[in-house]
Amino acid sequence: MTILVFSDLHIDTGDTFGTFQWKEKDLIRQIEKIRRSFSVDKIILNGDIFELLKYSYEDIEKANSRLIKYLAQKDFIYIKGNHDVFNRYGLNYYQITNSHGQTIHIEHGHQADWFNGSKFGQTMSKIGFSLLKTLSWSKTLMDIYLRIVSYKDNINHIPKKYNRIKYLSYALRLLKEHDVVILGHTHKLESHHTYYLNKKKRYLNCGTCSMGRFQAILLDTEMLQYEMIKESKASIMEA
């Protein structure tokens, strides 16, 4: 089976605070091109697909109705990230076991963070989300809120500079139990190989598809062979 894994689209409403920066038809065309070219069997949406820290799901769906419907197809698997953990749909992680007994573990990766992975952090996030819903009645207050949460996440500083060693260490712990681990969250496309008990292990990060970029991992789940995809919106539109 061939799977396509991508994450961190941060689909928003297209306003000045947004970082998605895709036209629906362009993103759908890109996914379909890869799907046909590589005979993809399953697509894994590996977290932070929706920017629910800034917008309601209803507003996002209204602004991107065609794309939301497309991503809801039965061969798309949706995993929650820290920015869309409040969505009532989705998985915390997804695993595949191939015919050789090898396991592929896929999760967003925010669990490696003290804030996002702890009960305290999750509680604080819920409080923040409740605040967002409370402020939504007032456009002025909502604008202030959006400016605050966008301060370190503006167009010139995305993605945030995560400590990549921390996520590599987290992936290595997961690799004690699994043969391949695929994370997102850091907005950095990565590939690392190691050995544990004489077995080859692989840590992959699928990067980001925000700001008009398209980064992803293609993986043959039987052979454990993979390909990293990295394209800009400009190159995609020229094709």
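These questions and answers cover a predicted model of a protein chain. Local features need pLDDT of at least 70, side-chain atom pairs count only at pLDDT 80 or more, and totals for chains, interfaces and linings use all residues. Residues are numbered from 1 along each chain as its sequence is written, and side-chain values use heavy atoms, with hydrogens and water left out.

Q: How many helices and strands does the protein chain have?
A: Both are DSSP runs, numbered from the N terminus. Helices are H or I with at least four residues, and strands are E with at least two. The protein chain has 10 strands and eight helices.

Q: What distance separates the end C-alpha atoms of helix α1?
A: Helix α1 covers residues 24-37, which is 14 residues. The expected span is 1.5 Å times one less than the number of residues. For α1 that gives 20 Å, and the end C-alpha atoms agree, being apart by 20 Å.

Q: Which residues in α1 are buried?
A: Buried means under 20% relative accessible area, exposed over 50%, and partly exposed in between (1.4 Å probe, protein chains only). In α1 the buried residues are Asp26, Leu27, Ile28, Gln30, Ile31, Glu32, Ile34 and Arg35.

Q: Why do Cys206 and Cys209 form no bond, and how many disulfides are counted?
A: A disulfide is a pair of cysteine sulfur atoms within 2.5 Å. The closest cysteine sulfur to that of Cys206 is in Cys209, at 7.6 Å, so it is too far for a bond. Cys206 is buried at 0% relative accessibility, and Cys209 is buried at 0% too. The count of disulfides is zero.
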